[in-house]
Each structure stands twice: as structure tokens, then as C-alpha cells.
2 protein chains.
Amino acid sequence: MKKFAISTLLLLAALTLSAQVREDFKPASTNQPGHQYPMVNSQRMVRAQISAPDAKSVKLDIGGVKYEMVKNSEGVWTGDSAPQDEGFHYYQLEIDGASVPDPGSLYYYGASRWGSGIDVPAADEDFYALKNVPHGETSEVYYYSSVTGSVRHCYIYTPAEYKKNTNKKYPVLYLQHGGGESEHGWAQQGRTGIILDNLIAEGKAVPFIVVMDNGSDVYGPNNPRPERPAQGQRPPQGQQGQRPQGGRPGGFGGFDFAGPFRTILEKDLIPMVEANYRVIGDAQHRAMAGLSMGGMQTHAIALANPKLFSWVGIFSGGVFSKEEVDQTPGFRENNKLVFISFGSRELQNRFGGAADPKPITEELGKSGMNTVFYVSPDTAHEWQSWRRALYQFAQKLFK
Amino acid sequence: MKKFAISTLLLLAALTLSAQVREDFKPASTNQPGHQYPMVNSQRMVRAQISAPDAKSVKLDIGGVKYEMVKNSEGVWTGDSAPQDEGFHYYQLEIDGASVPDPGSLYYYGASRWGSGIDVPAADEDFYALKNVPHGETSEVYYYSSVTGSVRHCYIYTPAEYKKNTNKKYPVLYLQHGGGESEHGWAQQGRTGIILDNLIAEGKAVPFIVVMDNGSDVYGPNNPRPERPAQGQRPPQGQQGQRPQGGRPGGFGGFDFAGPFRTILEKDLIPMVEANYRVIGDAQHRAMAGLSMGGMQTHAIALANPKLFSWVGIFSGGVFSKEEVDQTPGFRENNKLVFISFGSRELQNRFGGAADPKPITEELGKSGMNTVFYVSPDTAHEWQSWRRALYQFAQKLFK
């Protein structure tokens, strides 16, 4: 009886929903070549489809919600999500209890896995659209780290003019991903190279180099992974604005934000970059930014070594307070910019009653620091907030 | 009764098989970070595992065979394949009729899809192992093609010394993937950068640049995709040696091997590379090679424009016959090397009674051409054959 009532409710809900669905679905830009599904409509609903003739239940799992899909007579399942925010979202399919990537989508690393991703069209998507402008290069770089005792992998973006102006030296941004992500995040779903190419082509940003390394996997023979790996203790990278925002980051599984990654930066990564690329090797031409966990790393490293970076950005990962800056000799003198950003939905649903980051940043600004507080409209703790943050931050850098 | 008989047979087969299985399985090198499954044992059997508590049937689909997996009391399915060849294999899981990537593996493009891949350890895997040697860079490059009217994506490998020797110019190899694959193939599962880094570090290859473009997607506004796309007509990229090998390639869905891709090479790709990289821009310092369909393209383009490349390689994709060379003015005078390779299993199971490629190549060699005929031991139409072919070919190039 209870089952029947729930089924009826679901049916009614489905009917109500379907009555409102605009049938203008188009294949997502993030689909595999030649694939029609998943699709997105003008309400930003995601429609997934998969052939699973013998399955009992197939669900679309996106934004922390699982949507039932429905089977047709050919064994093909189709289902729609509720409207999603603009921009990029991780998702999976659940087939008879197995959580798997959708064979229709391209794959991205996030939520501690390689899995499906979908880009929901956005009103401002032009700034990260691939265009016929001069393109820089995003290179896969391997380098040996004495800190980890292993060969590490990172991405390095060089602007289009880098190859031509062979006597010019460039400033560098070290740009970090979030928890459950990796160096692939900014290079792929972050669209860093495309955003920078477009900004530089329009004259809105000065050309600079971007280094994207892995701030989570800081382990190797010289720095063994702890018995209870930090990886497993980290909260999954969700899509909704439920992250720490203000003040000092707390637990995060005992992960040391200014620990091994700071040492890798100081001893291995920055020296490798400055030895191999035409780089202006001083703090005034060196920036660090990161999203979420990467922002917490930026925060911790900038306070631990205030002479390393003169330009710092935290995207959805906390703030620098006036107290912190005042307690850190050299920070104020060396710093050129403190950039703080959040998705607007993160500010609405503040995590655990954390302090409002806006007045904290304004107080720092009034004390004489150059601060920018940016809010991404109608987005949460998700990539569209961070693409927009990079777009804003890049225009302020090294000027 | 029939069902019972089949079940009994399957059970007996499973018991027979399991009696022989060595329980020394280890996680594959191609697994997602932190994932234990899939595994491989010393018999080169692949063991997959996935949680699918509500599924009726889960299969491991590898090498053209589907292996039944078995559910335990926690709803976790496990299953073993027969022994596989050494090297890289595409695979999928089938869950209640849905063919999906294994959430445990990294993903690769092949068989016309992004899906699971697994590297089976090989006796000679040292040549493609990541080591602490000077590393070149594999860069993602976007360029505008007048032929397609679109911005195209390719990978360009530059050797480690490229950044240091800023006055030195380098030879270039244009290296093409197979049918159902893309520019990602050589950059990822082909391990091109790693193979070259190791060869150059050991002094076995001269440093050169490698350009990996997409030879299948040659379409865009200026060259619209045909109504019945060639993509869909191509045979899937299998793992067993069932490919055309000798003589002129036949149908392949009407795909023109020396068509749009030749024009892209001549008008857009080679000029872009020679304008942006320090390259010796003559045929004597320009090579082309490809696997399977990419070999057929190399064959067709080298015969259509014999002055473009002085060094040519066909990996599992045909031969150059003495007749073809004699009928192509300029080919013999311009050519420095004709390299032909196959997996040994391809030669054993020759497709459709095609001519034996070895005597054809020997005849060409006796006529005064510099030829190499290489056979990869105990491999089929698969990546281990092509990694080994590249390893051999690279040592002969530009010397």
C-alpha cells in the first residue's frame, strides 16, 4: 500500500514535471564525438539516455540528486534532471545499483574519480568558448621532485606569443584545483588555456604562464602516504554550496595545507619552471590561486611564506582577514592583490554559520590592501564559479 | 533442461578455469588513483570487479569476448578474462545489457569511444616506463585549418633539450592513429613522449619533434561531413589481428586516405608547425608514419606527394610494393627509409588471404630502397605492436 502510494506520487510528480519540460533539448558540448546524449534544454534540464535492456532500474545522478529514468520498448532508458546551474557538472549513471560513467559523455577528474561531466550552456559562455584567436599551448610536463622522490605530472600553459617573443620573460600563476580533483581540473573543465587565449586576444589580460600541478597527491618514496590516506577522508567534491568559506580551514582529514605542497613548490616546482621557461623569477611576477582546497592551500602557503607570491586568489576557499595579514610580517609590504570570490549560492547557504567573507575582505581593503571581492551570479561550489573567478582574477594580474 | 545443461557446463568451465588461475593479481598501472581493480595476474588474465547489487548479469568485455562475472553476498561482481597479450587493451563492462566503462580504470579513446583501457605488464615494458630522465613536453595545440574552416586540436611532442638549445632546429615526425581512434591515441596509450624521452636519454634516437593530429575528423564548415558519415561505417578497432595488411587498402567506407587529411597536412598543419617551432623544413627532415588506418594514410599520401616525406612508416597498415614505388616518380630518389611492421599474430591470421607483406618489403629492399621489416613478437592488431614499432622506427629516423 505504501509502495503504491509512493509510486503514484512519483508518477504525479513525473507528469507535473513533464508538462513543464520544453522539448528543445540539444546535445551537450561535452559529449563524446558523434553522441546525441546527454542533452540539455533551454531550462537547463539534463536529459540522459542509455541502452540497458535487461536492467530493472536506471538513474541519472547529478547535483547530489538521483533521477529515475524510464525504459522504452527497445530497452533504452531516458530521464531528465531538474534544472541545473549554468556551467560544468560532474554526474554518473546508476544501473541496477552500479554507479558508472555515462558512455555518452567525455570524462573529467573530480569527486575523486574520472567520470562523466556535462557543460550546461551559460549566458556568458563566450569567455570560455574556443575561437579562432592566437592560441597558447597547454603542455604536459613531467618533472622529478626531491620532496616526493618521484616523477610528477603537471600542466603548463604558455601564451600564444611565447614562441615568437623569444627574448621576453613572463610572469607566472600557480593555479590549484579542489579536493577530490587533480591537475587535470583547471586544464580541462576549468578551460584555463581557452580563457587566457581569449582574454589575451582581447587585450584584457597581460600574457602570463599558468602552472597547474597536483596539490592532493603529494606522496612518493620520500614522503609516504599516511596509513589512513587523506584522500579517503576528504569530503567529496559536491555541486552545491556546502563548503567552508570564512576564516581558517579546520579539519579536512588532517591534511596540511602549507605542508608538503608548499615544499614541492619551493624546492621543486618553482625552480623547475624558472629553469625551463622564460620567467621573471621574483614574487612581484608570481601569483598563486586555487579553488576550494586549492584556495585553502593558497591561504596557508601565502601566510607561511609571504615573500613567495605577491598576487593571491582564493576561489570558494576562504578569505584573508586583516588579523591574519597583520600577524604575518612582510605580507602587507609584498602583496599586490588579494582576490576573493564565491558563487552567489555559497553566500546564501553559508556553511556552518561561517563568518561572512565580504565584510572581512572589505575590512582588509580599508586597511590599505588591494582587494577584490567577486561573486559569481547564480552559481554554487562548482566550476562555473571558478571559471568566472579566473576570468576576473586574470584581468587584474601583473598590472 | 537445456538451461540447466548450459549452466552446468558454464560451472564446470569456471571450475576448470579457476583451478588454473594463479592468485597473484595486482592492480593495473592504468587504474584510476586509489583503485585496486581491475587487476592482472602473471598469466596476464584480467580480473574486473564492480559493485552492482541489483544487477542480474555483469560481464567483462575484452578482446572481443564477454566473460561472465559472479556476484558475492555484498552485491560485488568479480570476473576473470582468459590470458591477454602483453600491452594495452580496450575493454568495457556490460551491466544488464548496458555497455559502460569500468569506473576502476582510466579512459582512452579507441573503438570509436572513450572507454576503459588496461595495460597488461610486458617483458619489455621498460622502454615505455616513466623514468627519472630528461622529459620532453607533449603540448595540446589548437590551430585554425583553412581546409576544414575550424579550429583543430593536435598534440606536439618536443624533446627535453628543445627548450635549452634555442638555436637548434629539429626534424619532425607526423604520427597518425588508427580507425576509431584520434589524436589522443599516440599521446596517451601510445606513450609516445615517454618512449621518445627514454630513447633520447639512452642516445638511441636523435631528438626530434612528433606531431599527432586527428586523421579521421577532417570535417568542418569548409569540408562538411558526408551524409552517411565515414565514422559510422568504419569497422571497430578490435584487439585481434583481423585487419587488412598487404596491398592497397580497399573500401573503409569510401574514406579517402590521401584526401582531406593530405590537404590539411600540406596547407595547414605542416606550415603551422614550421612557422611556430624550430624545425628543419625540408622532406629529408620530415617523416610520416601511422598505425592501421594511419598507415594507409601514410601509404596514400606518400605515393600522392612523394616529395613531402623522406621517411615513412606503416604499422599494421599495409606495405609499399616495388610496383607502387616504380610507378611514383620521385619517390625512390627522395626516400630515406620505408619501415613496415606487424604484430606476429597478424601475420599468422592474415586477413582475407592478403599477400604476405614480408617478401613484398624484401623485394623493395633488393631494388635498392632502405627498408626495415619489423615483427612484434606475440602481439596482434593492438597497441603493444605499435609502441614497439615506434620504438624501432624512432631509432632509424633522421640518421
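Here is a friendly conversation about a predicted model with two chains, A and B.

User: How do you know that chain A and chain B are related as by a two-fold rotation axis?

Analyst: Try laying chain B on chain A: a turn of 180° with a shift of 0.0 Å along the axis does it, and the RMSD is 0.0 Å. The two copies are thus related as by a two-fold rotation axis. If you want a spot to look at, B:S139 is the residue of chain B that comes closest to that axis, with its C-alpha at 1.9 Å.

User: How do you know that the copies meet through the same surface?

Analyst: Compare the interface residues, where contact means heavy atoms within 4.5 Å. Of those in chain B, 100% are also interface residues in chain A, so the copies use the same surface to meet.

User: What makes the length of helix 5 of chain B agree with what a helix should span?

Analyst: Helix 5 of chain B covers residues 260-276, which is 17 residues. At 1.5 Å a residue the expected span is 24 Å, and the end C-alpha atoms are 22 Å apart, so the two values agree.

User: Where is the kink in helix 5 of chain B centred?

Analyst: Look at B:E266, where helix 5 of chain B has a kink of about 40°. That angle is taken between axes fitted to the seven residues ending there and the seven starting there.

User: Which residues of helix 5 of chain B are called buried, and what covers them?

Analyst: The buried residues are B:F261, B:I264, B:L265, B:D268, B:L269, B:I270, B:M272 and B:V273. Their cover includes strand 12 (137-145), strand 13 (150-158) and helix 6 (293-304) of chain B. A useful idea for reading such a list is that an α-helix has 3.6 residues a turn, so residues three or four places apart point the same way.

User: Why is B:S292 called buried?

Analyst: The cut-off for buried is under 20% relative accessible area. B:S292 has 3%, so this serine counts as buried. You can find B:S292 in the loop between strand 16 and helix 6 of chain B.

User: What makes the pair B:S292 and B:H381 a polar contact?

Analyst: For a polar contact, the N or O atoms must lie within 3.5 Å. The side chains of B:S292 and B:H381 are joined at 2.9 Å, and this is a polar contact.

User: Why is B:S344 called buried?

Analyst: Its relative accessibility is 12%, so B:S344 counts as buried, the cut-off being under 20%. B:S344 belongs to helix 9 (residues 344-348) of chain B. Leaving out residues up to four places away in sequence, B:S344 touches B:V375, B:S376, B:P377, B:D378 and B:T379.

User: Why is A:R191 called partly exposed?

Analyst: Partly exposed is the class between buried, under 20%, and exposed, over 50%. A:R191 is at 26%, so it counts as partly exposed. B:R191 also has 26% and is partly exposed.

User: What makes the phi of A:R191 worth a look?

Analyst: Most residues other than glycine have a negative phi, and most peptide bonds are trans. A:R191 is not a glycine, although its phi is positive, about 55°. The residue sits in the loop between helix 2 (184-187) and helix 3 (192-201) of chain A. In chain B, B:R191 has a positive phi of about 55° too.

User: Why is the bond from A:Y37 to A:P38 called cis?

Analyst: Its omega is near 0°, and the bond is cis. A:P38 is in the loop between strand 1 and strand 2 of chain A. The bond from B:Y37 to B:P38 is cis as well, with omega near 0°.

User: How do you know that strand 3 and strand 7 of chain A pair?

Analyst: Pairing needs at least two bridges. Strand 3 (residues 46-51) and strand 7 of chain A are joined by 5 and run antiparallel. One place to see this is A:A48, whose bridge partner in strand 7 is A:G79.

User: What makes strand 1 and strand 6 of chain A edge strands?

Analyst: The open sheet has 5 strands in the order 1-2-3-7-6, with antiparallel pairing. Strand 1 (26-27) and strand 6 each have a single partner strand, so one side of each is left without a neighbour in the sheet.

Technical notes. Residues numbered from 1 in each chain as written. Chains lettered and ligands numbered in written order. Predicted model: local features only at pLDDT ≥ 70, side-chain atom pairs only at ≥ 80, totals over all residues. Heavy atoms only, no water. Helix = DSSP H or I, 4+ residues; strand = E, 2+ residues; numbered from the N terminus. Expected span 1.5 Å × (residues − 1). Buried < 20%, exposed > 50% of the residue type's maximum accessible area, 1.4 Å probe, protein only. Least-squares fit on C-alpha atoms with pLDDT ≥ 70 in both. Polar contact = N/O pair within 3.5 Å; in protein donor to acceptor, adjacent residues only side chain to side chain.
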